[in-house]
Amino acid sequence: MDRRLAIKKTGALFGTGWAMISTTSLLHSCVWDKKEALSWVPQFLDDKHALMVKQITHVLIPDPEVPENIKNTIPQRLDVILQEYTQKEAQNSFIEGMVEMEKRSLESIGKEFLNANLEEKTKFLKEEEKKFVASDTPTIYGSLKQMIFETFFQTEYAVTQLLYFDALPGGYEGCVPFEEIGRIQHSNDIY
């Protein structure tokens, strides 16, 4: 992929990433196993979409060393962001995108995303990734993936355990060998 196209997609994703929200609850008529319960009450998403975001988060961040409570708080944080800081048309677009994503999962793996096993979910999300990369316009998967990773890398765990964080402000050294610090370096203004 050439650099201009990547920048174009990233810009489009940023501009409309938070704009992918909607208000329909089409899936109330669908049957799904409520095996997995939420430990919180969603403000914006319905229970089904909140569980879907939670399961997508667990597929995208499969590292067993990442504490489960960190993975489980990401959908809750996204729900608050969507409810409190997103415009109405963006909210509507997001829900419409989630409903479309559910339809595509039915077509692709033959069952609802929530009822699929880990292998089927991974296969479906890889297909969604390919569509996102090939698309000139932002997709719900791309927006959701971006929101999940942005939220994850703003957690205390990611900042202190995965990234190199020097709490004492000092001079910036732009070209520090990776071997010297062992992790990706970021500044104090990440929050």
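In the predicted model, R183 is placed in the loop that joins α8 (178–181) to β2 (184–186), and with a relative accessible area of 30% this residue is partly exposed, since that value falls between the 20% below which a residue counts as buried and the 50% above which a residue counts as exposed. Once the neighbours within four places in sequence are set aside, the contacts of R183 are with T160, Q161, L162, L163, Y164 and F178. Of these partners, Y164 stands 19 residues from R183 in sequence, while the C-alpha atoms of the two residues are 5.3 Å apart in space.

A second loop position, S39, is found between α1 (3–17) and α2. S39 is exposed, its relative accessible area being 71%, a value over the 50% that the term requires. The C-alpha atom of S39 is separated by 9.4 Å from that of T73, although 34 residues along the chain lie between the two positions as their spacing. K71, by contrast, belongs to helix α3 and has a relative accessibility of 3%, so that K71 counts as buried. Apart from neighbours within four places in sequence, K71 is in contact with T57, H58, I61, P62, D63 and V66.

With regard to the overall arrangement, the protein chain contains eight helices and two strands, and these elements follow one another from the N terminus in the order α-α-α-α-α-α-α-β-α-β. The protein chain has 191 residues, of which 39% count as buried, and its accessible surface amounts to about 11,200 Å², with 54% of that area belonging to carbon and sulfur atoms. Among the contacts in the protein chain with a separation of 6 or more, 65% are accounted for by residues 24 or more positions apart.

In soluble globular proteins, nonpolar side chains tend to be buried together. In the present model, the largest nonpolar core comprises 37 residues, and the members that touch the most other members are I56, F94 and L144. Two or more residues are given to this core by each of α2 (47–60), α3 (68–85), α4 (88–109), α5 (118–134), α6 (140–152) and α7 (156–162), and the largest share, seven residues, is that of α2. For L144, the contacts beyond the neighbours within four places in sequence are with V53, I56, L78, F94 and M98.

The packing of the helices was then examined pair by pair. The axes of α2 and α6 approach to within 11 Å and cross at roughly 70 degrees, and the two helices are therefore roughly perpendicular to each other, given that the range assigned to this class is 65 to 115 degrees. On the α2 side the contact is made by V53, I56, T57 and L60, and on the α6 side by Y141, L144, K145, I148 and F149; I56 and L144, which take part in this contact, are also among the core residues that touch the most other members.

For α2 and α3, the axes come within 9 Å and the crossing angle is roughly 135 degrees, so the pair is classed as oblique, the angle lying over the perpendicular range of 65 to 115 degrees without passing the 145 degrees beyond which helices count as roughly antiparallel. The crossing of these two helices is right-handed. In α2 the residues involved are A50, V53, K54, T57 and H58, which meet E68, K71, N72, I74, P75 and L78 in α3; the buried residue K71 is thus one of the α3 residues at this contact, and T57 and H58 of α2 recur in the list of contacts made by K71.

The axes of α4 and α5 come within 10 Å of each other and cross at roughly 115 degrees, and this crossing, too, is right-handed. Here α4 contributes M101, R104, S105, S108 and I109 to the contact, whereas α5 contributes E120, K123, F124, L125, E127, E128 and K131.

Notes
Residues are numbered from 1 along each chain as its sequence is written. This is a predicted model: local features need pLDDT of at least 70, side-chain atom pairs count only at pLDDT 80 or more; totals for chains, interfaces and linings use all residues. Side-chain values use heavy atoms; hydrogens and water are left out. A nonpolar core is a set of buried Ala, Val, Leu, Ile, Met, Phe, Trp, Tyr and Cys residues joined through side-chain atoms within 4.5 Å. Buried means under 20% relative accessible area, exposed over 50%, partly exposed in between (1.4 Å probe, protein chains only). Helices (H or I, at least four residues) and strands (E, at least two) are DSSP runs, numbered from the N terminus. Contact means heavy atoms within 4.5 Å. Accessible areas come from the Shrake-Rupley method with a 1.4 Å probe; for residues, only the protein chains shown count as cover. Axes are lines fitted to C-alpha atoms, for helices over the stretch in contact, and angles run from 0 to 180 degrees between N-to-C directions. Angles under 35 degrees count as roughly parallel, over 145 as roughly antiparallel, 65 to 115 as roughly perpendicular and the rest as oblique. A crossing is left-handed if the near helix is turned anticlockwise from the far one by less than a right angle, and right-handed if clockwise.
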